[in-house]
Amino acid sequence: MTQTTPTYQFNEAPVDALPYEQAFAELEQIVMALEIGEHTLDEGLNLYQRGQALARHCADLLEKAELRVQQLVGGALEDFEGE
Amino acid sequence: MSQLPFFEPPSWTVTDVTRYLRNLLSGDEHLQDLWVMGEVSNLSRPASGHLYFTLKDANASLRCVMWRNTVIRQQVLPRDGEAVEVHGGVDIYEAGGQYQLYADLIRPAGEGLLYQEFLRLKARLEAEGLFEAERKRPIPKWPRRIGIVTSPTGAALRDMLNTIQRRFALVEVILAPSAVQGTEAPVNIVAALENLNQVTKPDVILLARGGGSMEDLWAFNDEGVVRAIVASMAPVITGVGHETDFTIADFAADLRAATPTAAAELATPNRVDLLALLFELSERIRRSAGANVQDLKWNLAELTNRLKLRSPEMRWLSDRQRLDDLARRASIAWINRLKVENLRLEGASQRLDSLNPEAILERGYAIVTHQDGQLVRSIKDVSPGDDLEVRVSDGQFNAQALENLEN
């Protein structure tokens, strides 16, 4: 399904695979598209579901992320284990 | 042979002498504002929190006191055997008959020279425009990659990593380990900054070190380090020492934080804020997606209402509503009445309490009776040898009258 709003191109990529910044940017676009409101009920429902999934995914990423620390030795990176 | 005067001059009291000396000392401008250099000995800090020590050199010693409220502002406390410079004023402790230095600042010896050097270098670099506001790069709001230059074993690193994990763990952290004190530190820091910029291109760099003496922090006043900060491609946030420590690196940095933890906070968005933002977006989606359906429902509801208003059923409904209204008002009045009565009862019961003899006993009075229960109100009710009972608030005991003494 492809349908358009002035600012948002519907994206079918699975939400779970998106990195945070990308998911968040898409979420913002969906909010704007919905608020402009130039869409049918069906389209609106799709946007709604995708938007909520993106918001949940972002929150999950924030809650579950484990900090990754690497160490720069000479010109190479290696994992840093701490003291 | 000289002749004794007929009237000797009156003797001074010890207090007089001491006060006189105090006046002499406190009137002397040199003695009220001076730096004294010497070696610390007999240092003690009792529970009062005041600091007592003696400053010595080869020929003399000087007792020193630093009051608690000044001690807690002192970043580094001296240790026995250490060479220091102490600032303060000389006064007399009257009760002990001792003159002493009341210290308000202690610094390691030689720090005065370091400070002069610091001011000279700062002025020179400032004149060169290295600290200009226009030169400062903006700090990205959402960094993907944060570079850290600090000691790999220090508390500063642990604090920063904890802070980043807590606030925005989605970021990638690259540590460029470096000595942060000692002679090799400046060269180390410069190399770490250059290496980070060239190899990993971070969005922002944290240059940090925990608190220490002015000498410990000296690497951050090194000209090479300052220039490396200015030359960095990524913006640099410094977090060196404590709140009150300012290094030249701080002036050159794009942003100065008071501590390593604060530097990590300035470099990252806060998870809680981001979650709140997500919630808000999700709410906006819910509202605007629902708006379409809501509009239709409204239209429908309005039409139905208009139909109803014209129906014969309406007349009956409005009578019914007036009845409900009256019933509701009546019940509210009744409830209010009950409330007033309740309050009255409570007031009366409190007044009764205050008349109760038990309450009087609580205040320390006693009731004295004969064994048969007859109250003793007057001295005339008792004869010596009478057995009596004395009641106090939590019980009673027996007593015997010994002797009648009329007031």
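Where is K201(B) found? Look along chain B for helix 6 (185-199) and strand 8 (204-209): K201(B) is in the loop between them. Keep in mind as you explore that this is a predicted model. We'll come back to K201(B) once we have the overall layout.

Let's start with chain A. This chain has 83 residues, and 41% of them are buried. It has 2 helices and 2 strands, and if you walk from the N terminus on, you meet them in the order α-α-β-β. The accessible surface of chain A comes to about 4,700 Å², and 49% of that belongs to carbon and sulfur atoms. What about contacts along the chain? Take the contacts in chain A between residues at least 6 apart in sequence: 58% of them join residues at least 24 apart.

Now turn to chain B, with its 407 residues, of which 33% count as buried. Here you can trace 12 helices and 13 strands. Chain B exposes about 26,000 Å², with carbon and sulfur atoms supplying 54% of it. For contacts in chain B with a separation of 6 or more, residues 24 or more positions apart account for 59%.

So how do the chains meet? One place to look is strand 7 (residues 172-177) of chain B, which is joined to strand 1 (residues 68-73) of chain A by 4 bridges. These two strands run parallel. To pick out one pair, find Q70(A): its bridge partner in strand 7 of chain B is I174(B). Strand 7 of chain B also pairs within its own chain. Strand 6 (residues 145-150) of chain B is joined to it by 6 bridges, and this pair runs parallel too. Here I148(B) has L175(B) as its bridge partner. As a handy background idea, side chains in a regular strand alternate between the two faces of the sheet.

For an antiparallel pair, go to strand 12 and strand 13 of chain B, which are joined by 6 bridges. One of the pairings is E389(B) with N398(B), the latter in strand 13. A hairpin links these two strands through 2 residues. In the loop between strand 12 (387-392) and strand 13 (395-400) you'll find D394(B). Is D394(B) buried or exposed? Its relative accessibility is 69%, so it counts as exposed. There is also a nice lesson here about sequence versus space: D394(B) and L361(B) are 33 residues apart in sequence, yet their C-alpha atoms are 8.5 Å apart in space.

Next, try a residue with a very different setting. T238(B) sits in strand 9 (residues 236-240) of chain B. With 0% relative accessibility, T238(B) counts as buried, because the cut-off for buried is under 20%. Which residues does T238(B) touch, leaving aside its neighbours within four places in sequence? The list is L207(B), I229(B), A249(B), D250(B), A253(B), L255(B), R256(B), A257(B) and A263(B). D250(B) deserves a second glance, as its side chain is joined to that of T238(B) by a polar contact of 2.7 Å.

Now back out to the surface. Which residues form a nonpolar patch there? They are W12(B), V17(B), Y20(B), L21(B) and L24(B), and together they have about 520 Å² of accessible area. W12(B) lies in the segment before helix 1 (14-26) of chain B. Its relative accessibility is 53%, which means that W12(B) counts as exposed.

Finally, let's look at the backbone. Most residues other than glycine have a negative phi. K201(B), the loop residue from the opening, has a positive phi near 45°. At 56% relative accessibility, K201(B) counts as exposed. N42(B) has a positive phi as well, near 50°. You'll find N42(B) in strand 1 (residues 34-44) of chain B. And since its relative accessibility is 60%, N42(B) counts as exposed.

Methods: Residues numbered from 1 in each chain as written. Chains lettered and ligands numbered in written order. Predicted model: local features only at pLDDT ≥ 70, side-chain atom pairs only at ≥ 80, totals over all residues. Heavy atoms only, no water. Patch = residues over 30% accessible without salt bridge, like charges linked within 9 Å, V, L, I, M, F, W, Y side chains within 5 Å. Areas by Shrake-Rupley, 256 points an atom, 1.4 Å probe, with all protein chains shown as cover. Salt bridge = Lys/Arg side-chain N within 4 Å of Asp/Glu carboxyl O. Buried < 20%, exposed > 50% of the residue type's maximum accessible area, 1.4 Å probe, protein only. Polar contact = N/O pair within 3.5 Å; in protein donor to acceptor, adjacent residues only side chain to side chain. Contact = heavy atoms within 4.5 Å. Pairing = 2+ DSSP bridges.
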